[in-house]
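User: Please take a close look at one helix pair in this structure. Then place it in the wider setting of the chains and their cysteines.

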2 protein chains.
Amino acid sequence: MKNNSWILKGNICYSKSEKELSVTEQGYLVCCQGISQGVFRQIPEKFRGLPVTDYGDALIFPGMTDLHLHAPQYSFAGLGMDLELLDWLNTHTFPEESRYESMEYARKAYKTFAEDLKRSPTTRAVIFATVHVPATRLLMDEMEKTCLKTCVGKVNMDQNCPDSLREVDAKASLLDTERWLLDTMDAYENVRPILTPRFAPTCSAALLEGLGRLGQKYNLPVQTHLSENQSEIAWVKELYPWSSFYGDVYDRFGLFGAGEEGRAPAVMAHCVYSAPEEVMRMKENRVYIAHCPQSNMNLSSGIAPIRSYMEQGLFIGLGTDLAGGANMSMFRCITDAIAVSKLYWRLVDQGAKPLTLEEGFYLATAGGGSFFGKVGSFEQGFEADVLVGDDLEIPRLDGWGIRERLARFLYLSGEKGRLIGKYVAGVQILL
Amino acid sequence: MKNNSWILKGNICYSKSEKELSVTEQGYLVCCQGISQGVFRQIPEKFRGLPVTDYGDALIFPGMTDLHLHAPQYSFAGLGMDLELLDWLNTHTFPEESRYESMEYARKAYKTFAEDLKRSPTTRAVIFATVHVPATRLLMDEMEKTCLKTCVGKVNMDQNCPDSLREVDAKASLLDTERWLLDTMDAYENVRPILTPRFAPTCSAALLEGLGRLGQKYNLPVQTHLSENQSEIAWVKELYPWSSFYGDVYDRFGLFGAGEEGRAPAVMAHCVYSAPEEVMRMKENRVYIAHCPQSNMNLSSGIAPIRSYMEQGLFIGLGTDLAGGANMSMFRCITDAIAVSKLYWRLVDQGAKPLTLEEGFYLATAGGGSFFGKVGSFEQGFEADVLVGDDLEIPRLDGWGIRERLARFLYLSGEKGRLIGKYVAGVQILL
């Protein structure tokens, strides 16, 4: 039996809303069978029997959701960060992804990836693998062991990519994909398959159509890339001249979310240059935006207008986009999101107020977490994804509260501070 | 007697030029009395007697110069990074700097700062203290102990700042400053005083004039801020209506460098919006630019046109600008410089090619290092500032060379990799 009913004691904070942090000094977070029962100043009578872990003066806050990252690219993170997108793809990404045809190679690389993600602030993630089914299965096996909750996608591409990564044709790709789906849909406790057309230019209409059918048949979530840069958008218009906007291509084939609750959602990485109609459709279809600030800098894409998306009530989370982003830490991702929002305000649109710490924290926890359901908060009824941060070696000034300590922990954790506890859906992950 | 004659063995790299990295696998770096004798594939006959430290497969590269940082702000690094400049100054910076009137407070804070800087990739630094002479002395004492080579400045300001930080008047400020200079000029082996008018708006003409006289009298280097944001530039024009451009104010008072070699240089932080005449004057006067990419994001300043400055042959180094920048690591500073140069290219000027890894690395080593003389390279005759990086836990792919390993070490050192050796002017610093 899992030990997923417990109480944690410490300085607890989580997002009450986009604008507001809930802070309870020396409070109790109660979890029953993996579900948060809320945060209390005293342990309520009915929970008195649960085991209490006292984390002393540490910070306790929700786990983070990385809405977009490429597992096979982790092995070269940090390389080619001075190249432009296409050079980077050809020099590093495509050659590296080709190596995952070898299971021996995949085993080594994915083991490192999974171990490092387990130790990171990420508790949930939506992950690209490669086109290779065996290596994707192996990645799912590795992710399962971490106890993190993840969606993992075998990539589909049948055009406009190197021979070594191109699937024979749409039919073969779809057959492979359906077989993989059937093998994996109920095979794991922590991992779910997700449809993963790489992006419109590398997928034929026949492939997209088939993927749409699979999505409908099995009610599957979808992940892909959208409106990352202008030349990509122009290319999509060339390939799919009938489309009203880039996302319309996905939408036409049923790969762009759906208005109804209960339908598996779609997550679109980047959305740096989404046209107004595209934004409207995303809203109607409850599409998630994975905002990847570091990647958008590193690959010279630009800065996504996140303030505007937030004001329009879209669903937004953050993504590291490994290895367009070089760093796996979602703490870094929060601080990058705040930083680029300031440059956006200064250089692009003085009407777009920069993100606050509260907002960046919200996007990384409750914002992206909702892709997985009730995730990313400690409100009653949410799955208990928890990080425990020891900031003892980060000096404090008199008069600071938990908010200040949290800010320093997020900004300095590359240099100081460390995670000492991590729980996903109530299950403790050994760090 | 100092042990500053030695040989280090390992994978050695340094900037041959802005564009080119010199790489010697399993080479020997020879240092005699603190001065590099060059890098060799075999130990030359005449150096055979020197002690050899074999760092195995580690990376050996030049120490980094942080051309601009505020020691008293380190205590709140990471706070208020979602505020604008003025709110940030009033909420965090000024109240915090006021505390350094207390020696007890300064002792604690500066000890932490010095210890952390010692462990960082920084080997040389140009540092702001506060207006307080006793605390500044204390900071100099602490820096002396680290064996890092630093310039430390007592700040001058006699107007446009909170009462708690304003010096009585120009005369009092100048008297204090000269006394401090006489006390410190020859007091240390590793620390030199540097003139530090905070920036034009907080200094009266009488103060600037007096500082200029002191600078000339003692041939002192100067550090201050320049053209960080547009409203600051407008303010300076208002305060000094006779000035042709912001830097002209400093220049009029002899605080803006000098054309001749041998004269102590001036370093100007930021230069985000320097007018063409200002740039020309900087070139004539051999003024250093401290490019602070993270701070310029965090404080919504913008992005400095570094490519243009490099093409015009200006003197440029990098600065963390703690705590406008939240992170002390110069590795992070290099990667930030590359990242913002890509946004500058995308959002501001498509003619400004982004920085390469080689260029970012050059700026942090040889570029900024030259402020201290022959520093930042392993060419024969340079002072031997050395970092030794252990990247064993950063996985490598077949076919990668030292350049790829160096890139990964710089990008991932927040997450993986560690410094195992550090030398300044040939003296080993215990980490």
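Analyst: In this predicted model, start with helix H3 (residues 133-146) of chain A and helix H4 (residues 170-184) of chain A. Their axes come within 11 Å and cross at roughly 25°. The cut-off for roughly parallel is an angle under 35 degrees, so H3(A) counts as roughly parallel to H4(A). The crossing of H3(A) past H4(A) is right-handed.

Now the residues. H3(A) makes the contact with Val133(A), Thr136(A), Arg137(A) and Met140(A). H4(A) answers with Asp176(A), Trp180(A), Asp183(A) and Thr184(A).

Next, the chains. A turn of 180° and a shift of 0.0 Å along the axis lay chain A on chain B, with an RMSD of 0.0 Å. That is therefore the relation of a two-fold axis. In chain A, the C-alpha of Gly414(A) is the nearest to the axis, 2.1 Å from it. Both copies use the same surface: 100% of the contact residues of chain A recur in chain B.

Last, the cysteines. Over all chains, a search of the whole structure finds zero disulfides. Cys32(A) is in none; its nearest cysteine sulfur belongs to Cys31(A), 6.7 Å away. A disulfide needs sulfur atoms within 2.5 Å. Cys32(A) counts as partly exposed, because its relative accessibility is 22%. Cys292(A) is in no disulfide either; the sulfur of Cys333(A) is the nearest, 6.8 Å away. Cys292(A) has 0% relative accessibility, so Cys292(A) counts as buried.

Conventions: Residues numbered from 1 in each chain as written. Chains lettered and ligands numbered in written order. Predicted model: local features only at pLDDT ≥ 70, side-chain atom pairs only at ≥ 80, totals over all residues. Heavy atoms only, no water. Buried < 20%, exposed > 50% of the residue type's maximum accessible area, 1.4 Å probe, protein only. Least-squares fit on C-alpha atoms with pLDDT ≥ 70 in both. Contact = heavy atoms within 4.5 Å. Axes fitted to C-alpha atoms, helices over the stretch in contact; angles between N-to-C directions. Helix = DSSP H or I, 4+ residues; strand = E, 2+ residues; numbered from the N terminus. Parallel < 35°, antiparallel > 145°, perpendicular 65-115°, else oblique. Left-handed = near helix turned anticlockwise from the far one by under 90°.
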